[in-house]
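Q: Please take a close look at a single part of this structure and describe its surroundings in detail. A connected account would be preferred, moving outward from that part to other sites.

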Number of protein chains: 2
Amino acid sequence: MKKNLLFLALMLLISIHTMAQQALWGGSEIVSPEINDDNSVTFRLHAPHANQVQLTGDWIPSEGWNPRLVEMKKTEDGLWIYTTKPLESNLYGYSFFVDKMRMNDPSNVYLIRDVATLTNVFIISGGQGDYYKVNDVPHGTVTRQWYHSPGNEKNRRITVYTPPGYESSGKDYPVLYLLHGMGGDEEAWMALGRTSQILDNLIAQRKAEPMIVVMPNGNVYQEAAPGESSLGFVKPTMQLPNTMDGKMEETFMDVINFVESNYRVKQSSGARAIAGLSMGGFHSLHISRYYPNTFHYIALFSGAVFPAEDATSPVYKNFEETLMNQKDNGYQLYWIAMGKTDFLYEQCVELRKIMDRINMPYTYRESEGGHTWDNWRLYLTEFVPMLFK
Amino acid sequence: MKKNLLFLALMLLISIHTMAQQALWGGSEIVSPEINDDNSVTFRLHAPHANQVQLTGDWIPSEGWNPRLVEMKKTEDGLWIYTTKPLESNLYGYSFFVDKMRMNDPSNVYLIRDVATLTNVFIISGGQGDYYKVNDVPHGTVTRQWYHSPGNEKNRRITVYTPPGYESSGKDYPVLYLLHGMGGDEEAWMALGRTSQILDNLIAQRKAEPMIVVMPNGNVYQEAAPGESSLGFVKPTMQLPNTMDGKMEETFMDVINFVESNYRVKQSSGARAIAGLSMGGFHSLHISRYYPNTFHYIALFSGAVFPAEDATSPVYKNFEETLMNQKDNGYQLYWIAMGKTDFLYEQCVELRKIMDRINMPYTYRESEGGHTWDNWRLYLTEFVPMLFK
């Protein structure tokens, strides 16, 4: 028996790995991004034929809506390099621009999709970023499954986080329904929002109650996220029908019914929370007043408020009366968070005026910045510890 | 109440989307890849400053271990274009090379990671590729969760596919343990192998029995796939300790015990299958003979066979005797699949000689091609229908 055949094969593999120009399996040997001891970050791209390589990243203030680019410097061996100043603890996205063409970092396999754009990411530890990391703590379970929505006459995909210990505890748990924004889907809060990491970390620190987090797809026209339905590898788009015409709100009980008959869930309004960002904040606002006394915790993260003029769904009728009804039914917390430069800021002012006028209690949290995942991750880490106490 | 504020905000969003050079949310407007009616495929990249843009893809025969590149043609507006001949139904990967620098297609968000390399993918319908698509059929549930491995003294991550109907049927199911190759992890069979799609489609066509598929991480040194453990966003590597020194085999009962106490599983050898590719084939071979009468279905996909000379684990001792013991205990199917140009071909010949010598029954399947995911996806679609009949 030739015992050393495998050894030879391994040697062959390693030599292939070393020889292959394209390093098919091992990727390039370049380290990028490299997080230095002082939390500055060094980026590297091997592009010997490029005339210009630029970098954009979340830590660089944008120019209006356009990203600002910084110049990378070329070394003699065709490597382009840039080192940032020390960065605060957070999760950051970045991209390269090679002769004006946007591209991802071939040395970094960690990418997040936002609608139709992929962006490389890294995390700086030592503060807020630690909530977004996978730490050495007990981990919850993340399940992608399908449920039947009679209201939408289709099967739809849902993402569910169950906390550490769920499988064996025999306990019933409270539920946070967590809704994404326009262009998102049932993957958005997982990938962009780092929901399972935030929950694992808050629960491990005993800052949050163990809870189930349900992330449905708010685009009721879709069965599932792009690539996960029979539409195939379609290009994701923000232009989807039925996102804000009442259909999501009208059929939301399909989601709750599925969760409450398939998971060990406390079935009371005091054990239900609903929160969403942007369009998901809009959905949370209208779902929670349309089904009064269903949720005792409500949060709008940079939430849209007012429906389009041509939206005719009964969900949007009697706005003030239904809010007053929701108030009279009682709830524990109505949390409204908004960034100072958010383009929906004025809508939030309008909502608060109405709520003030009818003496409807809420807690207002104003942050720096605007309509960004940076804020929505921050809001989630602040909101979850207030739940189900 | 300013009902049209949201409408204004939406208009603002749409105009941002249109104006923004970088199309932050919507991605570029370029369609690539475009699958044409005759199953030829057109690729497009906007790179006006590039001097040369090339393309490599799975349908282009490689030159030895190096990918072969084809030249794309530049149009007046800086768009580079290439159209293939009509392609057979399959899943294909591809990459661009811009002035010799490898990059992904910025118009295609569908990428698969293989160790440290990301590759764009698309699927051609109408044949084998249909098994890899998400079709309009009932879908199973995919769960990522953590289990405790006493043998490895750590918690480890596992991926579990449960078939459509699992949640409500009350039935017990047979289990396929499906192992990845070197450099892979508990995500490899899901992403590269399209396991949940293949199972959904085979079960829907009644070609396969409803079964649970368990995908553990065969790198016992790792807790989880890169990015999913407390090591953070590390660069994936093939150089991991303890991959083929017996530790995986010795501790495999931790996986089985977890599955059989947390899922509704038929707990008999006739309801257990084990299969793996390359290193996972090696693991399947040694696990199944080390724990005789545990698995009645065994498959090696391009499997490695012989341990390194310095591997001292008791798992690797008494090779022929334990095989004979496995034979005497009986099993339903021992399936060995190998590609004609696979670098492990000779190891497979050696194994078959031994099995022939001891009259140990097996079914041999020789395919075209070599050590590729193209073969391993094919083998999975062929093997699964033979199980648990």
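A: In this predicted model, the side chain of Tyr263(B) forms a polar contact of 2.3 Å with the side chain of Gln145(B). Tyr263(B) belongs to the loop that runs between α6 (252-262) and β15 (272-277) of chain B. Its relative accessibility is 13%, and Tyr263(B) is therefore classed as buried, the cut-off for that class being under 20%.

The neighbours of Tyr263(B) can be listed once residues up to four places away in sequence are set aside: Tyr263(B) touches Thr143(B), Gln145(B), Val160(B), Thr162(B), Tyr166(B), Ile212(B) and Phe258(B). Gln145(B), the partner in the polar contact, is thus also one of the residues in this list. Val160(B), another member of the list, lies 103 residues from Tyr263(B) along the chain, and the two C-alpha atoms are separated by 9.8 Å.

A second loop of chain B, between β13 (175-179) and α3 (188-191), holds Glu186(B). Glu186(B) has a relative accessible area of 0% and is therefore buried. Its side chain takes part in two polar contacts that may be described together: one with the side chain of Arg157(B), at 2.9 Å, and one with the side chain of Asn217(B), at 2.9 Å. With residues up to four places away in sequence left out, Glu186(B) touches Arg157(B), Thr159(B), His180(B), Met215(B), Pro216(B), Asn217(B), Ala224(B) and Ala225(B). Both polar partners, Arg157(B) and Asn217(B), appear among these neighbours.

In chain A, the loop between β13 (175-179) and α3 (188-191) contains Asp185(A). Asp185(A) is buried, since its relative accessible area is 3%. A polar atom of the Asp185(A) side chain lies 2.8 Å from the backbone nitrogen of Glu187(A). Beyond residues up to four places away in sequence, Asp185(A) touches Arg113(A), His180(A), Pro216(A), Asn217(A), Asn219(A), Gln222(A), Ala225(A) and Pro226(A).

Gly165(A) offers a contrast in accessibility: at 35% relative accessibility, Gly165(A) counts as partly exposed. Gly165(A) is located in the loop between β12 (154-162) and α2 (166-169) of chain A. Although 25 residues separate Gly165(A) from Gly140(A) in sequence, their C-alpha atoms are 7.5 Å apart.

Burial can also be followed along a helix. Helix α10 of chain B (residues 373-383) is largely enclosed by the rest of the structure, because nine of its 11 residues are buried. The buried residues in α10(B) are Trp373(B), Asn375(B), Trp376(B), Arg377(B), Leu378(B), Tyr379(B), Leu380(B), Thr381(B) and Phe383(B).

Enclosed empty space is a further aspect of the interior. The structure contains 10 cavities of 30 Å³ or more, and the largest cavity has a volume of about 100 Å³. Its lining consists of 13 residues, and those nearest the centre are Ala50(A), Val98(A), Asp99(A), Val98(B) and Asp99(B). By class, the lining of the largest cavity comprises nine nonpolar, two polar and two charged residues.

Finally, a record gives a name to one segment of chain A. An unreviewed UniProt entry lists residues 37-96 of chain A as "domain: Glycoside hydrolase family 13 N-terminal". In the model, this span is 0% helix and 45% strand, and its end C-alpha atoms lie 23 Å apart.

Notes. Residues are numbered from 1 along each chain as its sequence is written. Chains are lettered from A and ligands numbered from 1 in the order in which they are written. This is a predicted model: local features need pLDDT of at least 70, side-chain atom pairs count only at pLDDT 80 or more; totals for chains, interfaces and linings use all residues. Side-chain values use heavy atoms; hydrogens and water are left out. Helices (H or I, at least four residues) and strands (E, at least two) are DSSP runs, numbered from the N terminus. Buried means under 20% relative accessible area, exposed over 50%, partly exposed in between (1.4 Å probe, protein chains only). A polar contact is a pair of N or O atoms within 3.5 Å; within protein, one must be able to donate a hydrogen and the other to accept it, and residues adjacent in sequence count only if both atoms are side-chain atoms. Contact means heavy atoms within 4.5 Å. UniProt positions are given in the numbering used here, feature names are shortened, and annotations may be inferred rather than shown by experiment. On a 1 Å grid over the protein atoms alone, a cavity is a set of points where a 1.4 Å probe fits but cannot get out, and a pocket is an open set with protein on both sides within 12 Å along at least five of seven lines; lining residues have an atom within 4 Å of a point. Grid points are joined across faces, edges and corners, and a volume is the space filled by probe spheres set on the points. Ala, Val, Leu, Ile, Met, Phe, Trp, Tyr, Cys and Pro count as nonpolar, Asp, Glu, Lys and Arg as charged, and the others, Gly among them, as polar.
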